[in-house]
Amino acid sequence: MIEIRNVVKTYGRGSAAVHALSGVDLEVSTGEVLMLMGPSGSGKTTLLSIMGCILQATSGSVKIAGQEIVGLAEKKLPKVRLDHFGFIFQGFNLFPALTARENVELTLKLKGITGSAGRKRAEHLLEQVGLADKFKSYPADLSGGQKQRIAIARALAGDPPIILADEPTAALDSHSGLTVMEILTSLARERDRAVVVVTHDSRVLHYADRIVHIADGRIAGSEEEAKEEAA
Amino acid sequence: MVTLAWKNLIHDKVRLVVTLVGIVFALVLILVQFGLFLSFMDTSANIVERSGASLWISAPELPYVNGASPIQESKRWKAMEVPGVERVDRYILAWVPWKLPSGAIENVQITGFSLESKLGGPWNLTAGSVEDLRGEDTVIVDELYKEKLGVTHLGQTVEISNHRARIVGFTRGIRSFTTAPFVFCSFKNAQNYAGGVVKENQTMFLLVRAAAGVNLEQLKTAMKAKLGDFDVLTNAEMHKRTQIYWVFQTGAGITTLLGAVLGLIVGIVVVAQTIYAATVDHIREFGTLKAMGATNSRIYQVILAQAAMSGIFGYVLAMAIAAPISQSSQNGNAPIALPPEVAAGTLALAIAMCAGASIISIRKATRIDPAMVFRG
């Protein structure tokens with residue numbers, strides 16, 4: 001689903017250049033939960049951004065469902081994101097002026113699904129994440145776990161094949177974090193989504209099918225090493 | 001996207017109020033100042049506009065209609081010889097003193113016209129008629145100036161230039177641009193009242209009525225050739241010359257126009273500032289939208305829809321304030337015109353102002369790095 005080859009990402013130029021990623025190779029398959037781990041500044045969020053077509057790689061190759069992204073015109077990237085990705089953010093990034101249902105409907109509107117069809121789908125997704133009674137609640141009135149579940153429903157609304165999650169449990173208590181991870185894992189297992197999770201949270205590593213450790217902009221170690229380090 | 005714009009707009013009520021106050025302030029300022037300007041334009045030369053004359057003949061280098069010097073009325077006969085002339089009438093517009101009941105003096109503009117042709121005569125009569133001016137020492141004044149002139153009723157006797165005058169009629173809404181009201185009377189009476197300025201064989205103007213179908217430019221050329229060193233202006237030229245003098249050369253019109261422009265600038269700055277602040281506050285949301293796959297044009301839609309909604313709300317509120325102000329000003333000395341074209345134009349202006357004020361915000365939103373959404 002995602003195929004990354006020798007990806008380099010450099011910020012700045014000349015002596016001020018910072019190499020955020022240096023020759024990264026990675027593949028993510030459908031039905032897989034991949035976790036990216038590494039210390040702060042290691043490049044994992046940059047890698048997630050490049051996977052999600054939010055950042056362009058300086059060089060290398062990034063293929064999403066077979067389509068080469070590196071070098072693709074900037075104006076074509078929104079459609080790639082819309083068609084292939086659902087994003088979940090550490091800070092939820094919900095729209096405070098919109099209700100839970102309206103937040104989910106927003107993705108559907110971007111895909112051209114409006115009116116009662118959009119409303120019903122949004123409600124269905126919120127029911128799936130256990131928020132059937134929160135359709136009309138505003139984010140400010142909900143707990144962190146509930147907000148993240150709205151974010152998951154929103155990420156799923158466009159029926160994307162890939163879910164990219166950046167520290168989805170970091171702002172949650174233990175119970176809520178595990179609930180969120182169970183939802184994400186079930187998406188991979190039962191609905192064949194590719195799920196990529198950037199995390200520092202050792203409590204959730206057992207949900208991973210594969211763990212990739214990044215350090216200094218490179219894939220630094222195997223799954224076993226990463227798990228041992230986390231343990 | 002319109003829903004998001006609407007929800008964003010009403011979500012932060014304090015900001016909405018600040019935005020609307022800015023827009024309403026700007027629009028009311030624009031409406032009032034521009035309304036005053038329009039009113040000035042209308043009032044400054046209304047006596048010319050409604051004169052019904054085809055040509056105005058006066059002493060040379062006349063700066064404006066209220067600033068004429070006397071000419072010999074014998075020129076009338078020469079003027080009547082020009083082919084295409086239907087008739088030529090004498091006309092006086094002169095500043096004369098009006099004695100108030102208290103003994104104080106007010107200046108008025110005595111307006112003496114031909115009772116036969118009625119060229120340059122009054123309009124909008126609410127009491128009496130032009131025919132009543134055939135009586136000796138009779139005058140018509142406007143209702144607006146009754147109090148100023150100490151007039152209480154028809155038939156009242158007053159004193160103009162030490163001559164007796166009797167009120168035989170009232171008009172409504174014939175304003176003077178200056179502080180001196182128009183007082184209408186027959187040409188003959190006006191000669192008496194303006195005796196200090198206009199001698200018995202003199203007039204201030206000759207008003208020409210062209211025969212039907214006559215080309216006015218050709219008639220004007222022929223008249224100038226016939227009369228020699230006199231100003232001959234079409235009614236439109238006299239109207240424009242007088243308007244330009246009062247509205248622009250005195251600075252009165254420029255001041256009101258500048259007020260309107262100031263209102264526009266204040267409006268754009270206030271709205272730009274509030275919309276920019278709102279955009280900055282929502283920048284993370286716009287970044288999220290972009291990350292979700294929204295194109296820049298979708299983001300523009302949200303910002304512009306917010307701006308347009310603000311403009312429409314602001315306009316409705318501004319009209320709710322400006323319309324009563326305009327209405328109540330109609331009986332005063334400084335009426336504020338609010339014709340439907342201005343009302344409609346102001347709505348377009350309000351939306352354009354808000355959209356224009358959004359440009360900085362749009363530039364900001366365009367440059368959002370969607371990767372910001374991953375930064376805590």
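**Note on the two-chain model**

1. B:Ser161 sits in the loop between strand E7 (157-160) and strand E8 (163-171) of chain B. The model is predicted. Phi of B:Ser161 is positive, about 50°, although B:Ser161 is not a glycine. Most residues other than glycine have a negative phi. Is B:Ser161 buried or exposed? Neither: B:Ser161 counts as partly exposed, because 18 other C-beta atoms lie within 10 Å and a buried residue needs 20 or more.

2. Chain A has a case to read alongside it. A:Asp159, also not a glycine, has a positive phi near 55°. The loop that holds A:Asp159 runs between helix H5 (144-157) and strand E7 (162-166) of chain A. With 15 other C-beta atoms within 10 Å, A:Asp159 is partly exposed. Both loops are worth a look in the viewer.

3. Now chain A as a whole. Seven helices and 10 strands make up its secondary structure elements. Its C-alpha atoms fill a box of roughly 50 × 45 × 35 Å along the principal axes. What radius of gyration does chain A have? The value is 18 Å; a compact globule of 231 residues would have one near 17 Å, so the two agree.

4. Packing in chain A comes next. Of the 231 residues in chain A, 50% are buried. Contacts between residues at least 6 apart in sequence are 69% long-range, in that they join residues at least 24 apart.

5. Chain B is divided into two domains. Domain 1 is made of 2-43 + 251-374, and domain 2 covers 60-229. How far apart are the C-alpha centres of domain 1 and domain 2 of chain B? They lie 47 Å apart.

6. The contact between the chains involves 23 residues of chain A and 18 residues of chain B. On the chain A side, helix H1 (44-51), helix H2 (77-84) and helix H3 (100-110) each supply at least two residues. That side of chain A breaks down into 13 nonpolar, six polar and four charged residues.

7. Next, the nonpolar cores. In soluble globular proteins, nonpolar side chains tend to be buried together. Here the largest nonpolar core has 124 residues. A:Leu36, A:Leu184, A:Val196 and B:Leu27 have the most contacts inside this core. Helix H2 (residues 13-44) of chain B gives the most to this core, with 13 residues. A second core, separate from the largest, has 59 residues, among them B:Ile47, B:Val65, B:Val141 and B:Val208.

8. B:Leu27 deserves a closer view. Which residues does B:Leu27 touch, leaving out those up to four places away in sequence? They are B:Gly267, B:Gly314, B:Tyr315, B:Ala318, B:Thr346 and B:Ala350.

9. Last, B:Ile321. This residue is in helix H11 (residues 296-329) of chain B. B:Ile321 is 294 residues from B:Leu27 in sequence, yet 9.9 Å from it in space, C-alpha to C-alpha. Apart from neighbours within four places in sequence, B:Ile321 is in contact with B:Val24 and B:Val28. Why is B:Ile321 called partly exposed? Its count is 15 other C-beta atoms within 10 Å, and partly exposed residues fall between the exposed limit of 12 or fewer and the buried limit of 20 or more.

Definitions and conventions: Residues numbered from 1 in each chain as written. Chains lettered and ligands numbered in written order. Predicted model: local features only at pLDDT ≥ 70, side-chain atom pairs only at ≥ 80, totals over all residues. Contact = placed C-beta atoms within 7 Å. Helix = DSSP H or I, 4+ residues; strand = E, 2+ residues; numbered from the N terminus. Nonpolar A, V, L, I, M, F, W, Y, C, P; charged D, E, K, R; others polar. Core = buried A, V, L, I, M, F, W, Y, C linked by C-beta atoms within 7 Å. Domains from an automatic or database assignment. Rg over C-alpha atoms; globule rule 2.2 N^0.38 Å.
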